[in-house]
Amino acid sequence: MSTTANMTEQVAIRTVVLASADVGLRQRLASRLKGLRWQVREAGGGAEAMAHLETLRPEAILLDTWLPDLEVTEFAGQILQMYPMLELLRVDGSEAGGASRSPRRNELLLALREAQCSPADTAAWAAAPGTIPPTVRMTEVSRTLAGSSVGTSREAAITGGSAREQLDRRDVLAGGLGSGLSEMWMLPEMIGASAPMQELARLIRMVAPRSTTVLIEGETGTGKEVVARALHRLSMRASRPFVVLNCAAIPEALLEAELFGHTRGAFTGAVQSRTGRIEAADGGTLFLDEIGEMPLALQAKMLRFLESGELQRVGDNDTVRVDVRVIAATHQPLEKRASEGSFRLDLYHRLAVFPVEVPPLRERLEDLPLLAESFLEQMGQVAPRKRLAPEALARLGEYHWPGNVRELMHVLERATILCAARPEITPEEIRLRRATRL
Ligand SMILES: Nc1ncnc2c1ncn2[C@@H]1O[C@H](COP(=O)(O)OP(=O)(O)OP(=O)(O)O)[C@@H](O)[C@H]1O
Ligand SMILES: [Mg+2]
C-alpha cells in the first residue's frame with residue numbers, strides 16, 4: 001500500500017457530501033465536482049448528511065449555512081470531532097473547519113467558485129453549447145451599456161471573459177475564494193447577478209428559514225412574487241402550502257370571508273361553510289399580494305391575527321389557532337401611506353419586520369443579458385431559438401423599463417415573433433412601448 005493510502009485508509013478519497021436543503025445549489029455544486037472527478041453524495045438535511053458520513057467516510061463535506069433539521073454550527077463542531085480527517089467547508093466560504101485536512105481543498109474551493117453563476121444561466125447555457133458563458137455575457141453587456149462600440153465589444157468580451165475566468169480560477173487555486181463568492185447566494189428562480197440582486201438573494205437566504213413576516217416592496221413586474229416563492233421554498237415550510245391572496249383582485253365585501261373563512265349562513269349567499277386562505281396555509285406560507293389594497297377595517301383584523309396567531313371565521317365565535325408565515329407585497333409606498341393615514345401604521349410595522357426591496361430593472365441593467373438569454377432559452381423550447389444581436393441588446397439597455405422584468409419578457413416575445421424565420425433579433429424587432437430613453 002502506498003503512503004497516501006495508509007494515511008487515508010479511513011477516508012474515501014474524492015468523495016464529498018453536499019449538505020443543503022437547496023436542490024438547485026446542490027445540483028450546481030454536484031455538476032462542478034463531478035467534472036473534477038469527485039464522487040458526490042447529496043443530503044437535504046443534517047441527519048441525512050450524518051448518515052452518509054457514517055457509511056461513506058467521505059474526504060469532505062460542503063455545508064450550507066442553514067439546514068432544516070440541525071443547527072449548522074453545532075453540527076459542524078460535532079462532525080469534526082467525530083471525523084477529524086474530514087475536510088469541512090461552508091458553501092458561503094466562511095471558515096467552518098479551521099485547518100485544511102484535504103490536499104484537494106483547492107478543488108473544492110474551485111467548484112464552489114464555479115458554481116457561483118446563477119443556476120438559470122447554468123441550465124440555459126448548458127443546453128446551448130457553443131454560446132458565450134454567462135461571465136462573458138456580463139462583461140459584454142457592461143461594455144455595451146457603457147457605450148463602447150457594439151460591433152467590437154462582442155469580440156473583446158469573449159477574449160476578455162475567458163481571461164477573466166482564468167484569473168478567477170488562479171485566484172481560487174491560490175487559496176482565496178475571490179470577490180465573487182457572494183454570487184453563491186443567488187437563487188435559481190431569481191435571475192440576475194448584479195450587486196442589488198446579490199444583496200437581495202443574501203437577505204432572502206437569511207430570513208427564509210425563520211417565520212418572520214417579510215414585506216416585499218418593488219415596482220410592478222420586478223419579481224415580488226418570485227421573491228415570495230423563493231422565501232417559501234427555502235423555509236422549513238417548503239413542503240406545506242404556499243397560498244396566494246391578491247388583495248386587489250377580490251371585491252372588498254368578499255375579502256374578509258376569503259381570508260378568514262365563513263360559516264354557513266354567515267352572510268347572504270353563504271350556503272355552506274368555507275375555510276379561508278389563512279387556514280388553508282396552515283403550516284405553510286400566506287402570500288398577501290397588493291397588501292396596500294386591503295381595506296382599513298380588515299387591516300385591523302389582520303393585525304389581530306398576526307399578533308395572536310388566532311382567527312375567527314366570519315359568523316363563528318370559535319377561535320382557530322393556525323401556524324402561518326405571512327409574506328406581504330406591495331408596489332405602493334406603504335410607509336408613506338401609513339404616515340398619511342390611508343394604511344394602518346401598526347400593521348405596516350408588523351408587516352415590515354423584515355422589509356426587502358426588489359430593485360427596478362433600470363437600476364440593474366447589467367442583468368439584461370442574463371435575463372434576456374434565459375427568456376429566449378425558455379421561448380426556444382416551444383419555437384426556434386432566437387439570438388439577440390449585440391445592437392438589439394444595446395437598445396434594451398437604453399430603455400427605462402417601467403414594467404420591469406415582465407415587460408422585458410413581453411418585448412422579447414414580440415421580437416421573437418417579429419423576426420419570423422431569422423435566427424437573430426435585431427434592433428428593428430425591439431419595439432418598446434414609448435420611445436423613452438434613460
Ligand atoms: N429575477 C427574475 N428572474 C426571472 N424571472 C423573473 C425575475 N423577476 C421577475 N421575473 C418574471 O417576471 C414576471 C413578473 O414577476 P412577478 O409576478 O414576480 O412580479 P411582481 O413584482 O409580483 O409584479 P406585480 O407588481 O405586477 O404583481 C414573472 O413571469 C416572473 O417569473
Ligand atoms: Mg405580483
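1. L18 stands opposite L62 in β3, and that pair is a handy way into the parallel sheet. Strand β1 (residues 12-19) and β3 run parallel and are joined by five bridges; strands here are DSSP E runs of at least two residues and helices are H or I runs of at least four, numbered from the N terminus. Two strands count as paired if DSSP finds at least two bridges between them. Another pair on β1 and β3 is V17, whose bridge partner in β3 is I61.

2. Before going on, a word on what we're looking at. This is a predicted model, in which local features need pLDDT of at least 70 and side-chain atom pairs count only at pLDDT 80 or more, while totals for chains, interfaces and linings use all residues. Residues are numbered from 1 along each chain as its sequence is written, and chains are lettered from A and ligands numbered from 1 in the order in which they are written.

3. Back to L62, which also looks the other way: its bridge partner in β4 is L89. Strand β4 (residues 87-90) runs parallel to β3, with four bridges joining the two. The connection between them goes through helix α4 (residues 72-82), and β3, α4 and β4 make a right-handed β-α-β unit. Right-handed here means that, with the strands pointing away from the viewer, the path from the first strand over the helix to the second runs clockwise.

4. On the other flank, β1 and β2 pair in the parallel sense over five bridges. T15 has Q39 as its bridge partner in β2. β1, α2 and β2 make up a right-handed β-α-β unit too.

5. Put together, the order is β2-β1-β3-β4, an open sheet of four strands with parallel pairing. β2 and β4 are the edge strands, each pairing on one side only. The twist averages 20° from one strand to the next, with axes fitted as lines to C-alpha atoms (for helices over the stretch in contact) and angles running from 0 to 180 degrees between N-to-C directions.

6. How covered is strand β3 (residues 58-63)? Mostly covered: six of its six residues are buried. The cut-offs are 20 or more other C-beta atoms within 10 Å of a residue's own for buried, 12 or fewer for exposed, and partly exposed in between, with C-beta atoms placed from the backbone.

7. Helix α5 (residues 105-114) is also mostly covered, with eight of its ten residues buried. Worth a look in the viewer: the buried set includes the charged residues E107, R113 and E114, alongside L108, L109, L110, A111 and L112.

8. There is a second sheet to check. It is an open one of five strands in the order β6-β9-β12-β5-β13, with parallel pairing. β6 (242-246) and β13 (354-357) stand at the edges with a single partner strand each, so one side of each is left without a neighbour in the sheet. Neighbouring strands are turned by 20° against each other on average, direction ignored. Inside this sheet, strand β9 (residues 285-289) and strand β12 (residues 325-330) pair in the parallel sense over four bridges, and R325 in β12 is the bridge partner of T285.

9. Two backbone spots I'd look at. R37 has a positive phi of about 70° although it is not a glycine; R37 is found in the loop between α2 (23-35) and β2 (39-43). R37 counts as exposed because it has 9 C-beta neighbours inside 10 Å. A420 has a phi near 45°, again positive in a residue other than glycine, and lies in the loop between α18 and β15 (424-425). With 8 C-beta neighbours inside 10 Å, A420 counts as exposed.

10. Now the ligand. Which residues are closest to ligand 1? Of the 15 residues that surround ligand 1, the closest are I191, G223, K224, E225 and V405; a residue is near if its C-beta atom, placed from the backbone, lies within 6 Å. The shell divides into five nonpolar, seven polar and three charged residues. In this scheme Ala, Val, Leu, Ile, Met, Phe, Trp, Tyr, Cys and Pro are nonpolar, Asp, Glu, Lys and Arg are charged, and the others, Gly among them, are polar.

11. Where does the shell come from? α10 (224-233) and α18 (404-418) each supply at least two of its residues. Domain 2 (119-183 + 362-429) and domain 3 (202-357) each give at least three, with the bounds coming from an automatic or database domain assignment.
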